[in-house]
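Here are my notes from a first pass through the model, in no grand order. Have a look at the structure first, then read on.

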Amino acid sequence: MKEKVSVPFMLLGILFNVCLIAANLLETKVIQVGSLTVTAGLLVFPISYIINDCIAEVWGFKKARLIIWSGFAMNFFVVALGLIAVAIAPFWAGEEHFNFVFGMAPRIVAASLMAFLVGSFLNAYVMSKMKVASQGRNFSARAIWSTVVGETADSLIFFPVAFGGVIAWKELLIMMGIQIVLKSMYEVMILPVTIRVVKAIKKIDGSDVYYTDISYNVLKVKDI
């Protein structure tokens with residue numbers, strides 16, 4: 001008998017990948033949020049952590065691990081295609097603007113992908129461990145703290161790798177602090193929606209998984 005495909009899991013996985021790709025592309029646009037100047041990627045990137053929370057909560061760390069690696073692969077694929085397109089000889093008027101969006105420096109790409117992997121896996125790990133420790137209770141606390149840990153790791157990796165030696169360390173620390181606070185606040189503000197989505201998915205899918213004896217080795221992708 002073939003295993004049934006979970007439609008909610010598939011849709012969240014697709015949305016997760018789209019959010020990651022969109023966040024990378026939107027990073028080239030600077031926007032104003034009150035008195036703060038941030039990149040437009042801040043609008044969509046935290047959504048990937050919320051989806052990560054939902055997947056780890058409903059289907060467990062194994063499924064979250066699969067989705068994180070799929071997100072990494074798709075992000076790498078889009079970045080690679082963009083760089084190839086930039087490298088091909090130009091012949092049209094919009095070349096400069098296209099290159100501005102897709103011609104990301106290798107250092108920025110490496111920083112982004114590395115920070116995403118570490119932050120996402122820490123987010124899923126904390127979510128999973130806290131669920132086991134609390135025996136499935138206190139979802140709100142798990143969602144917030146897992147995001148704080150994941151976003152902190154993401155920022156602590158991305159900014160030094162991407163801009164170390166280019167931007168003064170004092171300014172980098174301020175930028176990291178602002179990103180961590182804003183992204184964590186994003187999670188808190190949208191938490192009521194996250195709670196409703198998780199409850200709805202559990203009801204529709206009939207799944208509420210957490211394990212006490214699994215491997216948290218991030219390379220065991222086939223173990224699903």
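**Notes on the model**

1. Helix H2 is mostly covered, with 17 of its 19 residues buried. Bear in mind as you read that this is a predicted model.

2. I also checked the length of H2, which runs over residues 41–59. At 1.5 Å a residue, its 19 residues should span 27 Å, and the end C-alpha atoms are indeed 27 Å apart, so expectation and model agree. What follows the helix? After H2 comes Gly60, with a positive phi near 90 degrees.

3. On to the rings. The structure holds nine aromatic pairs. One of them joins Trp69 and Phe72: the centres are 5.6 Å apart, the planes make an angle of 85 degrees, and the pair is edge-to-face. Both residues sit in helix H3 (residues 61–87), and their spacing of three residues is about one turn of the helix. Is Trp69 buried or exposed? Neither, quite: its relative accessible area is 22%, and because the buried class ends under 20%, Trp69 counts as partly exposed.

4. Phe158 and Phe159 make another pair to look at. Their ring centres lie 5.3 Å apart with the planes at 80 degrees, so this pair is edge-to-face too. Phe158 and Phe159 are both buried.

5. Which residues join Phe61 in an aromatic cluster? Tyr125 and Tyr216 do, and the three form one cluster. If you colour by ring, put Phe61, Tyr125 and Tyr216 together.

6. Now for the start of the chain. Val5 lies in the segment before helix H1 (7–26). With a relative accessibility of 56%, Val5 counts as exposed, because that class takes values over 50%. As a distance check, the C-alpha atoms of Val5 and Thr147 are 28 Å apart, and the two residues are separated by 142 residues along the chain.

7. Val5 also belongs to a nonpolar patch on the surface. Its partners there are Val7, Met10, Leu11, Ile14 and Val18, and together the patch has about 540 Å² of accessible area. Among these residues, Ile14 lies in helix H1. Its relative accessible area is 48%, so Ile14 is partly exposed, since exposed would need over 50%.

How values were computed: Residues numbered from 1 in each chain as written. Predicted model: local features only at pLDDT ≥ 70, side-chain atom pairs only at ≥ 80, totals over all residues. Heavy atoms only, no water. Helix = DSSP H or I, 4+ residues; strand = E, 2+ residues; numbered from the N terminus. Expected span 1.5 Å × (residues − 1). Buried < 20%, exposed > 50% of the residue type's maximum accessible area, 1.4 Å probe, protein only. Phe/Tyr/Trp six-rings, centres within 6.5 Å; stacked < 30°, edge-to-face > 60°. Patch = residues over 30% accessible without salt bridge, like charges linked within 9 Å, V, L, I, M, F, W, Y side chains within 5 Å. Areas by Shrake-Rupley, 256 points an atom, 1.4 Å probe, with all protein chains shown as cover. Salt bridge = Lys/Arg side-chain N within 4 Å of Asp/Glu carboxyl O.
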